[in-house]
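Subject: Handing over the structure

Hi there,

Here is the structure I promised to pass on to you. Please have a look at it first, and then read on for what turned up in it.

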Amino acid sequence: MTPDTIILPRDLPLWTDARPYLDVRNNDEHTIVAYGLARALLEQIPEADESVVLPAILLHDVGWKRIPEDLLLLAIGRYPSRKDLVRDHELHSVEIARTILQTHRPEGVDIDAVLAVIDGHDTTREARSINDAVMKDADKGWRTTPHGMRTIAGWYDVPVTEVLMMLRERSNPLMLTPQGRAMAEANTAAVAAEQAIAQYLGHGPEFTTFTATEGAGQWLKSR
Ligand SMILES: [Fe+2]
Ligand SMILES: [Fe+2]
């Protein structure tokens, strides 16, 4: 999967319409990475229906745009004080997603099934269907990716150790499929182990960013 082919052609018009609603709290970045995770999980869980899961993950958080930005961090995190806003953003997401889906009517997509997954994606914890489980695992699984951890650490200005604690205590236990659970635990373990490199070696990892520019890869050249 190359960077320009993460979002399926069927879903690109949905993405274009969703984008203006996703420019708060890194939701645009979150959506792209969660969509990529959803596609990977769908490969492992063929009984789930991608035509429900993928439009749902693309549109699930558009409703945050209607919540005052200064209240967003009070609705999530380790000790949320405005949990009511979590329900509010789900209802707003359903409304906005319905308009976007009815505008484009993507072929083979059951609009009501997509909206049913979006409704309650954060406020219900159980798997209401396999599609619901995969969408929720892609959403919560994002937190365990390096991108998710860096983003959460940035929101709250906390060290990675606190993010790891939050994941282990609160987020990873929410994972619903064996595949999603394995992904979340493996991601969390890998970042935790990377943090221990300095303890064992006396220095941190040599490469902390991707240094090469596109086209410079020796693997591409040798093909
Ligand atoms: Fe959400
Ligand atoms: Fe989300």
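One definition before the rest: two helices count as roughly antiparallel when the angle between their N-to-C directions is over 145 degrees. Please keep in mind throughout that this is a predicted model.

**The fold as a whole**

The protein chain has 12 helices and 0 strands. Read from the N terminus, its elements therefore run α-α-α-α-α-α-α-α-α-α-α-α. The radius of gyration is 18 Å, close to the 17 Å that the globule rule gives for 223 residues, so the chain is as compact as a globular protein of that length. Its C-alpha trace spans about 55 × 50 × 30 Å along the principal axes. Of the 223 residues, 33% count as buried. As for contacts with a separation of 6 or more, 72% of them are made by residues 24 or more positions apart.

**H5 against H6**

Two packed helices are described by the angle between their axes and the distance between the axes. For helix H5 (residues 84-104) and helix H6 (residues 111-118), the angle is about 160° and the axes are 9 Å apart. With the cut-off above, H5 and H6 are therefore roughly antiparallel to each other. H5 passes H6 in a right-handed crossing.

Which residues make the contact? On the H5 side they are Glu90, Ser93, Val94, Ala97, Arg98, Leu101 and Gln102, and on the H6 side Ile111, Val114, Leu115 and Ile118. Sorted by class, the contact of H5 with H6 has 7 nonpolar, 2 polar and 2 charged residues.

Aspartate 122 belongs in this part of the story too, in the loop between H6 and helix H7 (130-141). Is aspartate 122 buried or exposed? Its count is 20 C-beta neighbours inside 10 Å, and a residue is buried if that count is 20 or more, so aspartate 122 counts as buried. Leaving aside neighbours within four places in sequence, aspartate 122 is in contact with Val86 and Glu90. Glu90 is also one of the H5 residues in the contact with H6. From aspartate 122 to aspartate 84 the C-alpha to C-alpha distance is 11 Å, with their positions 38 residues apart in sequence.

**H9 against H10**

A second helix pair to look at is H9 with helix H10 (residues 178-195), which pack at an angle of about 150° with their axes 11 Å apart. That makes H9 roughly antiparallel to H10. The crossing of H9 and H10 is left-handed, whereas that of H5 and H6 is right-handed.

In this contact, Val160, Leu164, Leu167 and Arg168 of H9 meet Thr188, Val191, Ala192 and Gln195 of H10. By class, the contact of H9 with H10 has 5 nonpolar, 2 polar and 1 charged residues.

The loop between H9 and H10 holds proline 173. Proline 173 counts as exposed, with 12 C-beta neighbours inside 10 Å. Its C-alpha atom is 20 Å from that of leucine 42, and the two residues are 131 apart in sequence.

**Two loop residues with positive phi**

If you check backbone torsions, here are two residues to visit:

- Asparagine 26 has a phi near 55°, a positive value in a residue other than glycine. It lies in the loop between helix H1 (12-18) and helix H2 (27-44). With 17 C-beta neighbours inside 10 Å, asparagine 26 counts as partly exposed.
- Aspartate 157 has a phi near 50°, again a positive value in a residue other than glycine. Its loop is the one between helix H8 (146-156) and helix H9 (160-171). Aspartate 157 is exposed, with 7 other C-beta atoms within 10 Å.

**A buried glutamate**

Finally, where does glutamate 50 sit? It is in helix H3 (residues 50-59). Glutamate 50 has 21 C-beta neighbours inside 10 Å and so counts as buried. Between glutamate 50 and threonine 177, which are 127 residues apart along the chain, the C-alpha separation is 16 Å.

Enjoy exploring the model!

Best wishes

Technical notes. Residues numbered from 1 in each chain as written. Chains lettered and ligands numbered in written order. Predicted model: local features only at pLDDT ≥ 70, side-chain atom pairs only at ≥ 80, totals over all residues. Helix = DSSP H or I, 4+ residues; strand = E, 2+ residues; numbered from the N terminus. Rg over C-alpha atoms; globule rule 2.2 N^0.38 Å. Contact = placed C-beta atoms within 7 Å. Axes fitted to C-alpha atoms, helices over the stretch in contact; angles between N-to-C directions. Parallel < 35°, antiparallel > 145°, perpendicular 65-115°, else oblique. Left-handed = near helix turned anticlockwise from the far one by under 90°. Nonpolar A, V, L, I, M, F, W, Y, C, P; charged D, E, K, R; others polar.
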